[in-house]
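Hi,

Here is the model I said I'd pass along. Have a look, and my notes are underneath.

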Amino acid sequence: MSRTALLLLADGRFPAGGHAHSGGVEAAIAHACVHDLDSLEAFCRGRLHTTGLTAAGLAAAAAAGCDPLLLDDAADARTPVPALRAVARRLGRQMMRAARATFPSAELDRLAAERPRGAHQPIVQGLAARAAGLAPVDAARAAAYETVGGPATAAVRLLSLDPLDAARLLARLSAEVDAVAVTATDAAARVAAEGLGALPSASSPLLDITAEQHAAWTVRLFAS
């Protein structure tokens with residue numbers, strides 16, 4: 001197992017397209033729900049324990065060897081909003097391209113053939129982690145971290161925050177990211193006995209609503 005592979009998967013510079021997305025914080029800023037460092041931390045924490053937990057569970061299950069096509073259907077069921085389903089598949093398609101080049105794998109090739117328009121990002125991320133020899137908890141950790149790292153980075157640009165403050169915010173959330181990853185991995189381990197219903201399905205209705213609104217904007221800095 002290479003811990004460097006985990007760093008690569010979680011790196012915002014990994015060419016998987018994540019830098020173009022704000023994780024919903026652009027819309028939250030427009031609605032004045034996020035306006036300073038404290039409100040950004042609250043936003044990131046809420047996203048981590050909803051979207052982040054769900055994504056981490058899917059990534060862990062994929063890394064553990066669960067059927068990625070069934071997981072992709074489960075991801076659809078956990079993503080009720082068309083705008084967010086489209087984003088997840090777009091990011092999955094971009095991650096698939098980067099993952100196949102970086103961690104060649106027959107499983108990634110099969111999923112790419114079965115889902116030419118893109119599978120949900122966490123599932124591709126989980127298969128990439130599996131191809132890199134990482135454990136399911138590592139895949140979960142990368143997925144969970146992305147759900148807070150993306151918004152924090154985007155908010156630096158959108159609110160002109162000090163990057164050092166954003167880094168300190170992520171450090172404060174690090175223990176919660178680890179805890180979410182462990183919870184998600186425990187759920188993924190139960191899939192064999194309990195089925196896909198064991199995976200987290202935490203929701204965030206306000207993020208769903210603002211994602212649809214954001215998708216209709218004619219002018220925006222981030223794709224989502």
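Below is what turned up, starting with how to read the numbers.

This is a predicted model, where local features need pLDDT of at least 70, side-chain atom pairs count only at pLDDT 80 or more, and totals for chains, interfaces and linings use all residues. Residues are numbered from 1 along each chain as its sequence is written, and side-chain values use heavy atoms, with hydrogens and water left out.

Start with helix α7, residues 121-131 (helices are DSSP runs of H or I, at least four residues, numbered from the N terminus). Nine of its eleven residues are buried (under 20% relative accessible area; exposed is over 50%, partly exposed in between, with a 1.4 Å probe and protein chains only). Among them are Pro-122, Ile-123, Val-124 and Leu-127. The cover over these buried residues includes α1, α3, α4, α5, α6 and α8. Just after α7, Gly-133 has a positive phi of about 80°.

Two other backbone spots are worth a click. Ala-32, in the loop between α2 and α3, has a positive phi near 65° despite not being glycine. Ser-160 sits in the loop between α8 and α9, again with a positive phi, near 55°. Ser-160 is exposed, at 63% relative accessible area. For context, most residues other than glycine have a negative phi.

Finally, Arg-93 is in α5 and counts as partly exposed because its relative accessibility is 40%.

Cheers

Key: Contact = heavy atoms within 4.5 Å.
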